[in-house]
Amino acid sequence: METVYDTYMSANRHLTEITVVLKVDPSSQAAIRDVKRLTKDLQAQLKATNLSDATVAVGGQSTRNVDLSNLATSDFWRTALIMSLGIFLVLVFFTRSVLQPIMIILTLLGTYFTSISLTDWITRAWLDTSMLSWNTPFFTFIMIVALGVDYSIFLMMRYRDEQRRSPQTPVVNIHHAAQAVGTVVMSAVVILSGTFAALIPSGVMTLIQVAIAVIIGLILLLTALPLVMSAYIRLTYGAQSSQN
């Protein structure tokens with residue numbers, strides 16, 4: 001028995017160390033889930049024993065990945081909240097509406113989640129990687145939302161110019177604005193897509209994933225925003241008519 005104590009416990013018998021070897025890749029998403037479940041189960045089981053006041057610490061590569069994942073997630077949601085609030089206030093100023101900024105932000109969020117989901121699938125299917133890099137969602141969100149907001153502001157500013165220059169129904173004017181801005185935006189999407197595509201041969205997984213996600217997001221924005229913003233104008237037709 002003393003041999004067992006000497007193997008797993010410190011000399012003063014106040015510290016116990018147990019090595020756990022996972023059956024999966026320690027850097028994989030499955031390892032992160034296993035470590036979280038192991039830590040939670042261990043803490044729950046010790047509460048029913050005389051060691052309920054003991055301090056439990058889990059270390060190793062997988063645990064570092066868990067801590068990094070938790071840190072990245074908290075930073076991501078904090079950044080997303082701040083950006084969304086700031087974008088909402090800016091769009092309210094440009095659109096003179098409350099519903100339209102909400103719809104635009106929802107479209108940008110939908111574009112982001114679609115692009116990051118497709119990137120995750122491509123990563124697993126073609127890049128032989130079990131998960132996205134911890135900072136890929138963060139940088140992808142900033143890029144897609146920033147570019148999408150620029151497009152939205154350009155489109156709404158042109159829409160307001162159309163309303164002042166040749167007042168017609170809001171639906172007709174948003175169609176004219178989309179046609180006028182579309183060529184410039186399409187050129188920008190092609191140039192930006194080529195720029196981000198240049199990151200793919202870098203061999204750095206984070207850069208590859210961000211490049212793929214942003215390219216997908218740009219394509220989605222190019223096709224989605226003109227369609228959905230025309231619908232938003234129609235939903236706020238009464239409010240827009242009263243302003244003009």
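**Second largest pocket**

I looked up the residue classes in the lining of the second largest pocket of this predicted model. The lining divides into 14 nonpolar, eleven polar and three charged residues. I noted a volume of about 680 Å³ for this pocket. Its lining comprises 28 residues, and those nearest its centre are Met 131, Leu 132, Ser 133, Trp 134 and Pro 137. I then checked which elements give two or more residues to this lining, and found H2, H3, H4, H5 and helix H7 (205–235). H3 provides the largest share, seven residues.

**Largest pocket**

I next turned to the largest pocket, whose volume is about 980 Å³. It is lined by 27 residues, and Thr 16, Glu 17, Ile 18, Leu 42 and Ala 57 are the closest to its centre. By class I recorded 16 nonpolar, nine polar and two charged residues in the lining. Helix H2 (29–46) and H3 each contribute at least two of the lining residues. With four residues, H2 accounts for the largest share.

**Cavity**

How many cavities of 30 Å³ or more does the count give? I found one. For the largest cavity I noted a volume of about 40 Å³. Its lining consists of Ser 84, Ile 87, Ile 105, Leu 108, Leu 109, Phe 141 and Val 145. Helix H3 (61–95), H4 and helix H5 (136–165) are the elements that give two or more residues to this lining. H4 gives the most, three residues. I classed the lining as six nonpolar residues, one polar residue and no charged residue.

**Aromatic pairs**

Phe 141, which I had listed in the cavity lining, led me to the aromatic rings. The structure holds six aromatic pairs. Phe 141 pairs edge-to-face with Phe 76, at 5.3 Å centre to centre and 80° between the planes. The two partners are 65 residues apart, Phe 76 in helix H3 and Phe 141 in helix H5, and the pair thereby links distant parts of the chain. I found both Phe 76 and Phe 141 buried. Both also belong to one aromatic cluster with Trp 77, Tyr 112 and Phe 113.

I also looked up the pair of Phe 138 and Phe 139, which is edge-to-face at 5.5 Å centre to centre and 80° between the planes. Phe 138 has a relative accessible area of 26% and therefore counts as partly exposed. Phe 139 is likewise partly exposed, because its relative accessible area is 39%.

**Pro 101**

I checked Pro 101, which is found in helix H4. Is this residue buried or exposed? Pro 101 counts as buried because its relative accessibility is 0%, where the cut-off is under 20%. Leaving aside residues up to four places away in sequence, Pro 101 touches Phe 88, Leu 91, Val 92 and Thr 95. I also noted a separation of 10 Å between the C-alpha atoms of Pro 101 and Leu 85, which are 16 residues apart along the chain.

**Confidence**

Finally I looked up the pLDDT values. The protein has a mean of 83, with 95% of its residues at 70 or more. Among the elements, helix H4 (residues 99–126) has the highest mean pLDDT, 90, and helix H8 (residues 237–243) the lowest, 46. For residues 238–244 I recorded pLDDT below 50, and this stretch has eight contacts in the model beyond near neighbours in sequence. Where pLDDT is low, the predicted coordinates should not be read in detail.

Methods. Residues numbered from 1 in each chain as written. Predicted model: local features only at pLDDT ≥ 70, side-chain atom pairs only at ≥ 80, totals over all residues. Heavy atoms only, no water. pLDDT = per-residue confidence, 0-100. Contact = heavy atoms within 4.5 Å. 1 Å grid on protein atoms, 1.4 Å probe; cavity = no way out; pocket = protein on both sides within 12 Å on 5 of 7 lines; lining within 4 Å. Points joined across faces, edges and corners; volume = space filled by probe spheres on them. Nonpolar A, V, L, I, M, F, W, Y, C, P; charged D, E, K, R; others polar. Buried < 20%, exposed > 50% of the residue type's maximum accessible area, 1.4 Å probe, protein only. Phe/Tyr/Trp six-rings, centres within 6.5 Å; stacked < 30°, edge-to-face > 60°.
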